[in-house]
Amino acid sequence: MNPSHQDNQRTATRAAVGNDEKFLTFCLGHEEYGFPILVVREIIGVIDITPVPTMPEYVKGVMNLRGRIIPVVELRSKFRMPGVEYTAETCIIVVEVSNPAGGVYQIGAVVDNVREVIDIPRQNIQPPAALGAAIPLNFILGLGKVKGKVVILLDINSVGMLGDPALQQAATNVETTMARAA
Amino acid sequence: MALRDQIEDLCKAAVLVDADDLPGLAAVHERLQSVESGFADARYASIQECLAKATRLVEQIVLAEASDPQQSLELVKKAVEFVANSFEAEARGLPLPAPESATATGEVAATSAPGAGGETPDGPVTFPGGGEVENVAEILAESREHIQLAENALLELEKSPTDKELINTVFRSFHTIKSVAGLGNLTPMVSLAHSAEYLLDAARSNKVQISSDNLGVILRSCDQMTQMMRAVEGTGPAPLKSQLAALIGELERATTGEAAPAQVAARTVQQPAPRPAPIPDTPPNAMNAAAELNVTPEAPAPATEVEEGLPSDARVTQRPSAQEPVPAQAEATVTGGTAKRAEQTVKVSTTRMDSLVDLVGELVIAQQMVVQDPVVKGIREPRLNRSLTMVGKIIRDLQEVSMSLRMVPVKATFQKMARLVRDTAAKCGKQIELVTEGDDVELDRNVVEAIADPLVHMIRNACDHGIEMPEVRTASGKSKTGMISLRAFHSGGSILIQISDDGKGLDRNRILGKAIERNIFTLDRPANEVPDHEVYNLIFLPGFSTAEAVTDLSGRGVGMDVVRRNIEALRGKVEIDSTPGQGTTFTMRLPLTLAIIDGMVVRVGQQRYVIPTLSIERSFQPGETEIHTVAGGGGMASVRGGLLPIVRLEQVLQNATRRDERDALLIVVESQEARACFAVDEIIGQQQVVIKSLGRCIQSVRGVSGGAILGDGRVALILDVAGILAQAEAGTSSMNTQKECQTA
């Protein structure tokens, strides 16, 4: 094939892909997952996490992100995978979650490692199929096919929801008061 | 400026202006008035009259009251032309053009009838065109400030009805409201402000005496104004048109009904420039302009009087329809006044201020992290260390200043209470006086906002239930007027706000009775052994109320428990003390600021926690003899002769750690209800920490009220003593049940 034609094609594809089709991929165990890039705020290495009592198992605690305290969720735990020791590659992805009640907040998600930002055009995303009972369907945005493998694209708003909606609402109310007060 | 030049200016302005060119119309207005004052001689009566009417017409156009603005504007232009011609004629020694003047004035007169329109059915007041003006929020904010100023002055006026300065304050407030509301096209507000302003003007020139009736009417004007403001911003219903008209009518009757005959009182207010005869207002719907515009020859003010102030004759006899023209100079004085104030304060958006304060908070933390870094600590460079110390000092100062940005004096809130007491007392038929102390004490503005409701509640209670009726008071040898004192002062790192009344005090037996009746309290010992303190605190329980009837003031039983909860949400406390027959005192203890608390950093296992110093009584290392284990595992410690339960924080906080009982340090803590000892491994130190919310989803953790970022950047949970104690109790009982089940 004509090299320049190939280049043109590639550029054309890149140009056609918008931000809502870019995903940050990471690994949990043997599978690869992805978050839409638009919800990712930053990626940091693991830092001190202060545990908080009475929280569900997968909420590891809170951490200090440049002066703000945000909760930290361990995704392996949330997806009921066995836990592992943190390694040098373990990262915390800070994502922005939208609360159904209208609030927006940030949480940190602990993952085994972070891979890359890739483009997955819409036509390559399949609706979620039941992947056994491991991961609830409402966590999954879709299954992306890229370079011959499958990336499980996650819906951060479901994954990041810590607790049931009623609690969320109460939490939002209290937070507003504290925010106004502090 | 010579009269000729002034007239030229006027002509230019009039030619260029359009019916919807507000600034242009304002310019014309100004010039009309300065020219009018130039024609001071009695010869120019008709010219003055003509100018006055033209001025009125312009006002109508501006206030959107003219039925046909274009035509009115045409008339104004004609009038200007006529005036200019007259002046020229005069200058050249020609006779004044009389017939045209009559026509001009006649026409002007005819159209001066305010286009109040036909009969509109009654309904809520509307603000066509208003509310969409861009700076409506600012207009309302400023108006609110002035309403508050006016109210305070009015309340003072009740005590000293002849104080001119106070009357002026109220006058200026309404005047300013009229101006800013006009800018926002909020016509009904302008009308109300104008009528009130006019009454106050009469008062300050001694034509009207300040009576309690008058004060009542003006206070009600404040209320209706506030109501209208709420309607504009959509937070409340507007008053009905009939209500507004009725109020305006009352204001006018107060003004003219008591108008003293024509003595010109020399103005005590600095109104340097000459003012043309202001035209009194009349209700928008009473109109017969032509007849009423017949101006008597004496009406135009002789020069000297104009310089001094308002000729009263002119004011009383003229009854045309326009608004009171306010001379440019007077407006300048008013704005001059505001300009002076503006030099001392600056308006800053609160979001900006909050980000500034947040950033300074982060700076403090970041600096701590640098200074406490082991590498930095090990540096032995004196110069570097000096620089670091300096940086630290500057940052501390910066923090103090930024914290003070959010502090406001409680004065404004206290002053609102004065009005509340007056109104409540009137409603109850009692005589009550409010005395305040410590108005200058400053609190975080969020705290001030949050205590307003609890204060209202407690003061209402004091008025309703505390202070007795005048007859009862005299019968028991007290003065007829009850006194409520509202004090704010510093004490031990917190702010105390006390509300005391010299009323009848709390009735212990009645409270106990009601509490038992409503099943919110059970007697576990003889009634008279329950200490006073405990009995009084019963009124804070939900569902409690001793009022026989639910008045609209209080008595619905929702009051005091909400009050206490609100205060505790601010990390404050509220206490009651009372002496039967003599009075009751509520004391609110509040932190200086919500963002920072003084806390004790402790270590339990691997984690550090912060316990608010306010809740700590003392700490000690218990000796062997002071610890007692009770069957089942719960430990007790003897503290000053009493036994207190030991709370193992690691259990409540699910912090797995093993420790030998005897090595623990005990911290005696207290909450509103109980005292206990927390067992910790180490006390690290006392420090001020910035409270950070734990993030939305983790709010509802009992026993934890927030997070603090310590010097090494790690997060420490701030403990809520009451929550921990409750959690511990729940835990113990469930543990006991478990044990029972296991052994069974």
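This short talk covers some aromatic rings, two charged residues over rings, and one helix. Keep in mind that the model is predicted.

Rings first. Over all chains, the whole structure holds 4 aromatic pairs. Take F79(A) and F139(A): this pair is tilted, with 5.8 Å centre to centre and 40 degrees between the planes. Now look at where the two partners sit. F79(A) is in the loop between helix 2 (75-78) and strand 6 (91-98) of chain A. F139(A) is in the loop between strand 9 (125-126) and strand 10 (140-146) of chain A. They are 60 residues apart, so the pair links distant parts of the chain.

Are these rings buried or exposed? F79(A) has a relative accessible area of 2%, so F79(A) is buried. F139(A) is at 9%, and F139(A) counts as buried too. Ring pairs also join F79(A) and F139(A) with F26(A), Y33(A) and F35(A) in a cluster.

Next, chain B and its charges. R204(B) puts its charged end over the ring of F171(B), 3.4 Å from the centre. R618(B) lies over the face of F620(B), and there the ring centre is 5.0 Å away.

Last, helix 1 of chain B, residues 3-16. Its 14 residues should span 20 Å at 1.5 Å a residue. The end C-alpha atoms are 20 Å apart, which agrees.

Which residues are buried in this helix? They are Q6(B), I7(B), L10(B), A13(B) and A14(B). Seen down the axis, the buried residues fall within an arc of 125 degrees, so they line one face of the helix. Why can that happen? An α-helix has 3.6 residues a turn, so residues three or four places apart point the same way. On the other side of helix 1, V15(B) and L16(B) are exposed.

Notes
Residues are numbered from 1 along each chain as its sequence is written. Chains are lettered from A and ligands numbered from 1 in the order in which they are written. This is a predicted model: local features need pLDDT of at least 70, side-chain atom pairs count only at pLDDT 80 or more; totals for chains, interfaces and linings use all residues. Side-chain values use heavy atoms; hydrogens and water are left out. Rings of Phe, Tyr and Trp (its six-membered ring) pair if their centres lie within 6.5 Å; planes under 30 degrees apart count as stacked, over 60 as edge-to-face and the rest as tilted. Helices (H or I, at least four residues) and strands (E, at least two) are DSSP runs, numbered from the N terminus. Buried means under 20% relative accessible area, exposed over 50%, partly exposed in between (1.4 Å probe, protein chains only). A charge sits over a ring if NZ of Lys or CZ of Arg is within 6 Å of the ring centre and within 35 degrees of the ring normal. The expected span of a helix is 1.5 Å times one less than its number of residues. The arc is that of the directions from the helix axis to the C-beta atoms.
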